[in-house]
Amino acid sequence: MSKTANEKFLESSQPAARAGLITLSETTLVPYLHLYRFGNTSRPNLHFCGPWWVGFSPFEALKGYAESRGEALSLVARECLAIDWGWSKVDVLVEVVVKQSLSAWSGTPKTQFVRGGGGPGGRRWEPDRRITQLHIPGLGERDPSDSPQMIWEQAFADRRSHFIGVNVRS
């Protein structure tokens, strides 16, 4: 029997996790843990099955940064998590509670360099190194226990997503 619903996807997802995280470590997300993700209204199919998430404490830190700076949560999330404009609008907040244990990679967001944007060589996104991010693989795959549901449908309770708007710095 599997330890977690998505453990068979963990090893093969390591290159994708390394593309976005430094100091990568394997972790198990346990029931009742609150998770958050910033999504995109133009891609509702990824709201709950996208791999990039943050836990409760990092999310509270993002909210605190937004409040102290007088900036929108979407802009602070983009800056602190190094989310390029071309990757997501960051206009949806997804909130879930873990119902079934999940395997994940945890680490500090990596500096991202996007070619073709923002200048001669591209755009550089320097994340806030105090924020820990999670990469949860396989959420959009079928549950391996022969269920017709996707892993995210079995693994998350109290699933919510809501529009938070798109704000840009003037």
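This report describes the fold, the confidence, the charged side chains and some individual residues of a predicted model.

**Overall composition and confidence**

The protein has four helices and nine strands, and from the N terminus on these elements follow the order α-β-β-β-α-α-β-β-β-β-β-α-β. Of the 170 residues in the protein, 48% are buried. Among contacts between residues at least 6 apart in sequence, 72% join residues that are at least 24 apart. The mean pLDDT of the protein is 88, with 89% of its residues reaching 70 or more. Among the elements, strand E4 has the highest mean pLDDT, at 97, whereas strand E7 (residues 123-125) has the lowest, at 69.

**The sheet and the helices across it**

Seven strands form an open sheet in the order E1-E5-E8-E3-E2-E4-E9, and their pairing is antiparallel. Strand E1 (21-29) and strand E9 (156-163) are the edge strands, each of which pairs on one side only. On average, and with direction ignored, neighbouring strands of this sheet are turned by 30 degrees against each other. Within the sheet, strand E2 (residues 34-39) pairs with strand E4 (residues 92-98) in the antiparallel sense over six bridges, and leucine 35 stands opposite valine 96 in E4.

Two helices lie across strands that belong to this order. Helix H2 (residues 56-69) lies across E2, strand E3 (52-55) and E4, and runs at about 85 degrees to E3. Helix H3 (residues 73-81) lies across E2, E3, strand E5 (102-109) and strand E8 (133-135), and runs at about 95 degrees to E2.

**Tryptophan 53**

Tryptophan 53 lies in strand E3 and is buried, with a relative accessible area of 1%. Leaving aside neighbours within four places in sequence, its contacts include Leu35, Tyr36 and Arg37, as well as Val94 and Val96; Leu35 and Val96 are the residues that stand opposite each other where E2 meets E4. Further contacts of tryptophan 53, among them Gln133, Leu134, Ile136, Leu139 and Phe156, come from later in the sequence. For leucine 134, the separation from tryptophan 53 is 81 residues in sequence but 5.0 Å in space, C-alpha to C-alpha.

**Salt bridges and a buried aspartate**

A search of the whole structure finds two salt bridges, which are set out below with the distance between the closest N and O atoms.

| Positive residue | Negative residue | Closest N and O atoms |
|---|---|---|
| Lysine 63 | Glutamate 60 | 3.2 Å |
| Arginine 69 | Glutamate 79 | 3.4 Å |

Lysine 63 and glutamate 60 are three residues apart in helix H2, and are therefore separated by about one helical turn. Lysine 63 is partly exposed, at 36% relative accessibility, and glutamate 60 is likewise partly exposed, at 30%. In the other salt bridge, glutamate 79 lies in helix H3 and arginine 69 in helix H2, so this pair ties together parts that are ten residues apart in sequence. Here glutamate 79 is buried, with a relative accessible area of 18%, while arginine 69 is partly exposed, with 38%.

Aspartate 143 is placed in the loop between E8 and helix H4 (151-155). Although buried, aspartate 143 has no salt bridge, and lysine 99, the nearest side chain of opposite charge, is 8.8 Å away. With a salt bridge requiring a nitrogen within 4 Å of a carboxyl oxygen, that distance of 8.8 Å lies outside the cut-off. Leaving aside its neighbours within four places in sequence, aspartate 143 is in contact with Gln149, Met150, Ile151 and Gln154.

**Positive phi values in the edge strands**

Most residues other than glycine have a negative phi. Threonine 23 has a positive phi, near 50 degrees, and is found in strand E1; this threonine is exposed, with a relative accessible area of 59%. Aspartate 158 also has a positive phi, of about 45 degrees, although it is not a glycine. Aspartate 158 is placed in strand E9 and counts as exposed, at 52% relative accessibility. The strands that hold these residues, E1 and E9, are the edge strands of the sheet.

Technical notes:
Residues are numbered from 1 along each chain as its sequence is written. This is a predicted model: local features need pLDDT of at least 70, side-chain atom pairs count only at pLDDT 80 or more; totals for chains, interfaces and linings use all residues. Side-chain values use heavy atoms; hydrogens and water are left out. Two strands pair if DSSP finds at least two bridges between them. Axes are lines fitted to C-alpha atoms, for helices over the stretch in contact, and angles run from 0 to 180 degrees between N-to-C directions. Contact means heavy atoms within 4.5 Å. pLDDT is the predictor's confidence in each residue, from 0 to 100. Buried means under 20% relative accessible area, exposed over 50%, partly exposed in between (1.4 Å probe, protein chains only). Lys and Arg count as positive and Asp and Glu as negative; His and the chain ends are not counted.
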